[in-house]
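Trainee: Could you take me slowly through one part of this protein, namely the way its nonpolar side chains are gathered together? I would like to see the setting first and then the details.

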Amino acid sequence: MTTTSSIALRPFQESDLAAMAAIEAELQSFPWTALQFIQSYSEGHRGLVAMAGEELVGFAVTQLVLDELSLLTLGVKRDWQRRGIARQLVEAIAEQGCEQGAAVLMLEVRKSNTPARSLYRRLGFVETGLRKGYYRAEEGREDAVLMALTLDEGGR
């Protein structure tokens, strides 16, 4: 378990999936459903949760394929945002990715999600492409920006 300030990070468990789905539903117009979290877990996707005491306040779900670690979804409860929790989660999964032999951490982010894109750039991610119409949106579809972080033995 990793602890930074009052937040503890630990691998998520099956018993965390409902709370993760609730956070996702709070944050996204078109969230992963509880069933999608269950299917993801059963397919071997893993990641971390951020705990404030007994309260689950954030999560990151990842998938490792060969030497590529993909960040599938990440969320932090609204009233816990802007406290560095997303940064802690991304840094920790990057470190774990290195330990698992990953060479790169990849993700897609909504083009309109300027705060997330800014955070990822500060963490060393570079924009590598664009997926047109990737996400459902209130008004049709929205592009996804592809971002990648080259991992080294230091986790970044």
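Mentor: What follows begins with the whole fold, goes on to the nonpolar cores, and ends with a few single residues.

Please keep in mind that this is a predicted model, in which local features need pLDDT of at least 70 and side-chain atom pairs count only at pLDDT 80 or more, while totals for chains, interfaces and linings use all residues. Residues are numbered from 1 along each chain as its sequence is written, and side-chain values use heavy atoms, with hydrogens and water left out.

The protein has four helices and eight strands, where helices (H or I, at least four residues) and strands (E, at least two) are DSSP runs numbered from the N terminus. Read along the sequence, these elements follow the pattern β-β-α-α-β-β-β-α-β-α-β-β. The radius of gyration is 15 Å, close to the 15 Å that the globule rule gives for 156 residues, so the protein is as compact as a globular protein of that length; the radius is taken over C-alpha atoms, and the rule is 2.2 Å times the number of residues to the power 0.38. Along its principal axes, the C-alpha trace spans about 40 × 35 × 30 Å.

Of the 156 residues, 44% count as buried, a word that here means under 20% relative accessible area, with exposed meaning over 50% and partly exposed in between (1.4 Å probe, protein chains only). In soluble globular proteins, nonpolar side chains tend to be buried together. A nonpolar core is defined as a set of buried Ala, Val, Leu, Ile, Met, Phe, Trp, Tyr and Cys residues joined through side-chain atoms within 4.5 Å.

The largest nonpolar core holds 33 residues, of which Leu 71, Leu 89, Leu 105, Tyr 120 and Phe 125 touch the most other members. Elements that give two or more residues to this core include the strands β2 (7-11), β3 (46-52) and β4 (55-65), together with the helices α3 (85-99) and α4 (114-122). The largest share, eight residues, comes from α3. Leaving aside neighbours within four places in sequence, Leu 89 is in contact with several residues, among them Leu 9, Leu 48, Phe 59 and Leu 74, where contact means heavy atoms within 4.5 Å. A second, separate core of 12 residues includes Phe 12, Ile 23, Val 49 and Val 61.

Some single residues can now be set beside these cores. Arg 117 lies in helix α4 and, at 16% relative accessibility, counts as buried. Not counting residues up to four places away in sequence, Arg 117 touches Val 109, Arg 110, Lys 111, Glu 127, Val 145 and Met 147. Ala 22, which lies in helix α1 (residues 17-27), is partly exposed, with a relative accessible area of 46%.

Two loop residues complete the picture. Leu 66 lies in the loop between β4 and β5, and this leucine is exposed, with a relative accessible area of 78%; its phi is near 55 degrees, a positive value in a residue other than glycine. Arg 82 is found in the loop between β5 and α3, has a relative accessible area of 78% and is likewise exposed, and its phi is near 65 degrees, again positive in a residue other than glycine.
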